[in-house]
Amino acid sequence: MTEPTAALSPDTWTVAGRTFSSRLIVGTGKYKDYAQNAAAARASGAEIVTVAVRRVNLTDPNQPMLMDYVKQDEFTYLPNTAGCFTGEDAVRTLRLAREAGGWNLVKLEVLSDPKTLYPDMEETLRSLKLLVKDGFDVMVYCSDDPVYAKKLEEAGACAIMPLGAPIGSGLGIQNRVTLRIIIENAKVPVLVDAGVGTASDAAVGMELGCDAILMNTAIAEAKDPIRMAVAMKHAVIAGREAYLAGRMAKKLYADPSSPLAGLI
Amino acid sequence: MTKILLNGEETEVLAANVMALIEQIGIDPRKVAVERNLEIVPKSAYVATPIEAGDRFEIVHFVGGGD
């Protein structure tokens, strides 16, 4: 009897020399409070959480702090540049993040239009070059343009993170063809970042062959975020396993599963 | 008192160095990062970094965020 292939070796992925088993990265925004946030992150099985860098509230320094709930001995923090619209802002933010956290794995996102939150790819590429020169390992949020994805990789991105749909839209994966082209051509990990609305969307993303999925709103804005976090955990595993298993061919007509021979 | 710009607000502070400033605000120095006049102040240099009139400080920390 042959062993199931899934048992042979652990299915891990590696970014900038760091290896992870969970293929789900979760954001830490939009939750009711940090306690719910931490519970959802734990329920999702995620090993990496994205975090933002913001000014300390000087008038009320005793406000609850993220670090006290979503703890760094439990999760790898991935500082992002959400809210940055220029390369200089992004670099400045991540230098502060590096000093606050003491690590150099970061997520770059340089946005353009506040309505679509689409990445400004020209500015993103320019920022990436500045950050790479400054010694950062940069995971890059990007559009689903295969040409720009290649440029980012050539400029030293340690992961490419194209959107599946606009940030926070929950529309599901809208661009399977371009994502698949990016995945096939990339030599660094590709993560679908943004667009997932529910568990089946996460499975679709993973079935395309991406290395991991990053999501925030789909969990945080579910009626029961903890339960949705569990659903996402299973969906990411299911999609990954289906991708590795290799799906059956699609056929136009029916093909019976029971033998036709021996019919009474 | 020294007049500085702290997180975008004009403020008068008594602190003579960055460590004293953080203590005066009442936050845990291990949980923040400090920028002075657009330059990062390493944690190891908090005591040695003076606060001078007109300095522009940013004191930040990690908060929840996704995309």
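What share of the 67 residues in chain B is made up of buried residues? I would like to start there, and I should say at once that what we are looking at is a predicted model. In this model, 51% of the 67 residues in chain B are buried.

Let me stay with chain B for a moment, and describe how it is built. Its secondary structure amounts to one helix and five strands, and, read from the N terminus, these elements follow the order β-β-α-β-β-β. The radius of gyration of chain B is 12 Å, close to the 11 Å that the globule rule gives for 67 residues, so chain B is as compact as a globular protein of that length. If you prefer to think in terms of extent, the C-alpha trace of chain B spans about 40 × 25 × 20 Å along its principal axes. As for how the chain folds back on itself, if we take the contacts in chain B between residues at least 6 apart in sequence, 50% of them join residues at least 24 apart.

Turning to the surface of chain B, the accessible area comes to about 3200 Å², and 51% of that belongs to carbon and sulfur atoms. The chain carries 6 positive and 11 negative side chains, with the centres of the two sets lying 5 Å apart.

Next, the interior. The largest nonpolar core holds 71 residues, and the members that touch the most others are Met232(A) and Phe62(B). The element that gives the most to this core is helix α3 of chain A, residues 87–101, which supplies six residues. Phe62(B) deserves a closer look: once its neighbours within four places in sequence are left aside, Phe62(B) is in contact with a set of chain A residues, among them Val51(A), Leu66(A), Met67(A), Tyr77(A), Ala97(A) and Trp103(A). There is also a second, separate core of 18 residues, including Val56(A) from one chain and Ile27(B), Ala45(B) and Ile51(B) from the other.

I will finish with some loop residues of chain A, beginning with two whose backbone angles stand out. Most residues other than glycine have a negative phi. Lys30(A), however, has a phi near 70 degrees, which is a positive value in a residue other than glycine, and Ala194(A) likewise has a positive phi, near 90 degrees. Lys30(A) sits in the loop between β3 (24–26) and α1 (34–44), and because its relative accessibility is 49%, Lys30(A) counts as partly exposed. Ala194(A) belongs to the loop between β9 (191–193) and α7 (199–207), and with a relative accessibility of 4%, Ala194(A) counts as buried.

Gly17(A), in the loop between β1 (13–15) and β2 (18–20), counts as exposed, because its relative accessibility is 68% and the cut-off is over 50%. The C-alpha atoms of Gly17(A) and Ala194(A) are separated by 24 Å, the two residues being 177 residues apart along the chain.

And is Ser143(A), the last residue on my list, buried or exposed? At 10% relative accessibility, Ser143(A) counts as buried, and its place is in the loop between β7 (137–142) and α5 (146–154). Leaving aside neighbours within four places in sequence, Ser143(A) is in contact with Pro119(A), Met121(A), Pro162(A), Leu163(A) and Ile182(A).

Technical notes. Residues numbered from 1 in each chain as written. Chains lettered and ligands numbered in written order. Predicted model: local features only at pLDDT ≥ 70, side-chain atom pairs only at ≥ 80, totals over all residues. Heavy atoms only, no water. Core = buried A, V, L, I, M, F, W, Y, C linked by side-chain atoms within 4.5 Å. Buried < 20%, exposed > 50% of the residue type's maximum accessible area, 1.4 Å probe, protein only. Helix = DSSP H or I, 4+ residues; strand = E, 2+ residues; numbered from the N terminus. Contact = heavy atoms within 4.5 Å. Rg over C-alpha atoms; globule rule 2.2 N^0.38 Å. Areas by Shrake-Rupley, 256 points an atom, 1.4 Å probe, with all protein chains shown as cover. Lys, Arg positive; Asp, Glu negative; His and termini not counted. Charge placed at Lys NZ, Arg CZ, Asp CG, Glu CD.
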